[in-house]
Amino acid sequence: MNLTKIKSMLKDSWIKNSMDLPFFLILLLVLSIGLVMLLSSSYFYAFYNTSNNNSLHYFTRQFGFAILGLVVMYAISKFDYHQLKFLSTLGMGISVLLLVLVLLMPSEDGIRRWISIGPVQFQPSEVAKFMLILYLARGLDKDYRKLTSSKLSEETFAQRLYEMSGKKILLTQGTTTLFYYLFIVVVIAGLVALESHLSGTILVMGIGVIMLWLGEGRARWFIIGAIVAVLAVTIVVLEYENIPLLRDYMAERIQAWLDKDFEPMGARWQTNQSLYAIGSGGFFGAGLGNSKEKYLYVSEPQNDFIFAIVCEELGFIGAAGILILFGVLIWRGIIIGMRAKDRFGTLIAFGMVLHLGLQVALNVAVVTDTLPNTGIGLPFFSYGGSSMLICLAEMGVVLSVSRQANMPKVYTFRNSKKRKATRSSEA
């Protein structure tokens with residue numbers, strides 16, 4: 001075997017085991033735009049609200065988290081994703097402990113969402129969402145035959161119910177398996193709800209439903225669940241004043257969403273300023289850095305409502321372009337999942353990018369007043385170290401799957417010429 005052939009084999013092996021370059025480059029582009037927009041939206045607020053009048057306070061911290069997140073992402077991408085099966089069980093246990101621990105932390109206005117370790121704060125709910133995807137992917141892969149089975153469940157309570165009902169009530173293996181994993185989702189969502197974290201609860205339930213659907217649970221249960229969810233949401237919206245489980249601020253936000261004239265200087269302030277920002281941006285925008293609403297009109301513009309500043313400065317064209325980039329990133333992640341080596345790889349790739357898509361959709365819906373204000377950040381744009389690290393870690397998992405996926409991952413002009421030459425010779 002000559003040296004040229006050895007070099008060619010090594011090169012082919014490197015390309016075959018490399019991460020997906022298009023996904024990586026699109027992600028870097030989204031992240032870069034997000035950091036630029038965070039700097040633009042936060043510098044005045046940071047100057048006005050930090051003790052040392054540091055305009056770069058939020059940007060430097062977010063940039064640091066982004067660099068750390070990219071290192072974590074690359075490290076995870078080099079990790080064989082099959083090893084995550086063991087980590088998912090351990091991680092889920094740790095997530096539950098952290099969600100319980102955060103409830104013992106000192107509250108801020110009755111809200112407990114962060115655990116502080118020295119100067120570092122993080123949200124356990126962010127970790128829980130990541131680990132929930134891994135845990136469900138592992139379980140739904142392992143129990144696939146049970147989940148799709150129509151046989152009588154082997155569980156003792158299912159067989160007793162079958163006998164006691166005169167063999168009329170049949171709980172299949174598919175039903176009991178589906179409800180077991182649904183129970184896990186509800187437990188996690190319940191613990192997040194106890195933090196008074198409505199947006200986190202919605203995301204956990206959304207992730208759970210998406211993963212169970214991808215796991216091929218029986219369609220009838222999703223139809224029943226959708227009907228129950230619609231009825232529940234309708235009752236909450238119509239009777240929010242009479243539901244004791246809703247905290248005062250939640251009921252106020254629903255009222256502010258329904259009544260556009262409700263407390264314009266209070267509960268409606270943030271949403272109204274967001275809509276003013278979007279409207280003033282027009283088609284082409286006021287220009288990067290030229291937002292007026294970020295000057296203490298939109299409260300904490302670097303956080304959940306950063307997309308309003310994006311719309312004001314970059315206009316409809318810029319905002320639509322960013323959403324298209326998110327869409328392309330998610331689409332590429334779905335392609336990676338479809339070409340994954342096995343079912344587990346497909347489930348975790350789909351879960352990670354669809355979680356990203358769900359969070360983007362909910363954030364834009366809140367900013368545009370399509371949904372009540374629930375405090376959902378825009379991935380890679382909104383300020384927050386926990387969110388940045390977890391989002392990039394999730395993208396690292398997708399890149400790990402891509403390394404073993406059956407798809408071309410490096411595109412060059414030279415490779416294109418070779419393909420054309422091969423087709424010509426075959427013709």
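The dialogue below reads selected features of a predicted model, from its overall make-up to single residues.

Me: Before looking at any one element, how many helices and strands does the protein hold, and what share of its residues is buried?

Reply: In this predicted model, there are 16 helices and two strands, and buried residues make up 45% of the 427 residues. A further overview comes from the contacts between residues at least 6 apart in sequence, of which 73% join residues at least 24 apart.

Me: Taking helix H4 as a case, how many ångströms should its residues span, and how far apart are its end C-alpha atoms?

Reply: The idea is to compare an expected length with the one in the model. Helix H4 covers residues 84-102, and at 1.5 Å a residue its 19 residues should span 27 Å; because the end C-alpha atoms are 25 Å apart, the two values agree.

Me: Which residues of H4 are buried, and what do they pack against?

Reply: The buried positions in H4 are Leu84, Ser88, Gly91, Met92, Ser95, Leu98, Leu99 and Val102. The buried residues of H4 pack against both strand S1 (115-117) and strand S2 (120-122), and also against helices H5 (124-142), H8 (173-193), H14 (343-367) and H15 (385-404).

Me: How should I describe the packing of one helix on another, with H4 and H5 as the example?

Reply: In general, two packed helices are described by the angle between their axes and by the distance between those axes. For H4 and H5, the axes come within 8 Å and cross at roughly 145°, and the crossing is left-handed. On the H4 side, the residues that meet H5 include Leu84, Ser88, Met92, Ser95, Leu99 and Val102, while their partners in H5 include Pro124, Val127, Met131, Leu132, Tyr135 and Arg138.

Me: What are the corresponding values for H14 and H15, and which residues meet there?

Reply: The axes of H14 and H15 come within 9 Å and cross at roughly 145°, and H14 passes H15 in a left-handed crossing. From H14, the residues in contact are Gly345, Ile348, Ala349, Met352, Val353, His355, Leu356 and Gln359, and they meet Ser387, Glu394, Met395, Val397, Val398 and Val401 in H15.

Me: Turning to the loop between H14 and H15, is Ser382 buried or exposed, and what does it touch?

Reply: Ser382 lies in that loop, and Ser382 counts as buried because its relative accessible area is 8%, against a cut-off of under 20%. A polar atom of the Ser382 side chain lies 2.7 Å from the backbone nitrogen of Leu378. Leaving aside residues up to four places away in sequence, Ser382 touches Leu38, Gln62, Gln302, Asn303, Asp304, Ile306 and Gly377.

Me: Which other residues of that loop deserve a look?

Reply: Gly384 also lies in the loop between H14 and H15 and is buried, at 16% relative accessibility; the C-alpha atoms of Gly384 and Gln62 are separated by 7.0 Å, although the two residues are 322 residues apart along the chain. Asp369 belongs to the loop between H14 and H15 as well, and Asp369 has a positive phi of about 65° although it is not a glycine. At 12% relative accessibility, Asp369 is buried.

Me: Where is Glu263 placed, and what is its phi?

Reply: Glu263 is in the loop between helix H11 (248-258) and H12, and its phi is near 40°, a positive value in a residue other than glycine. Glu263 is partly exposed, with a relative accessible area of 36%.

Me: Where is Gly289 found, and what does it touch?

Reply: Gly289 is found in the loop between helix H12 (269-281) and helix H13 (306-338), and is partly exposed at 21% relative accessible area. Its C-alpha atom is separated by 5.3 Å from that of Ser40, which is 249 residues apart from Gly289 along the chain. Beyond residues up to four places away in sequence, Gly289 touches Ser40, Tyr43, Lys294, Tyr295 and Glu313.

Me: Finally, how many disulfides does the structure hold, and are Cys311 and Cys391 buried or exposed?

Reply: The structure holds zero disulfides. Cys311 is buried, with a relative accessible area of 8%, and Cys391 is buried at 6% relative accessibility.

Key:
Residues are numbered from 1 along each chain as its sequence is written. This is a predicted model: local features need pLDDT of at least 70, side-chain atom pairs count only at pLDDT 80 or more; totals for chains, interfaces and linings use all residues. Side-chain values use heavy atoms; hydrogens and water are left out. Helices (H or I, at least four residues) and strands (E, at least two) are DSSP runs, numbered from the N terminus. The expected span of a helix is 1.5 Å times one less than its number of residues. Buried means under 20% relative accessible area, exposed over 50%, partly exposed in between (1.4 Å probe, protein chains only). Contact means heavy atoms within 4.5 Å. A disulfide is a pair of cysteine sulfur atoms within 2.5 Å. A polar contact is a pair of N or O atoms within 3.5 Å; within protein, one must be able to donate a hydrogen and the other to accept it, and residues adjacent in sequence count only if both atoms are side-chain atoms. Axes are lines fitted to C-alpha atoms, for helices over the stretch in contact, and angles run from 0 to 180 degrees between N-to-C directions. A crossing is left-handed if the near helix is turned anticlockwise from the far one by less than a right angle, and right-handed if clockwise.
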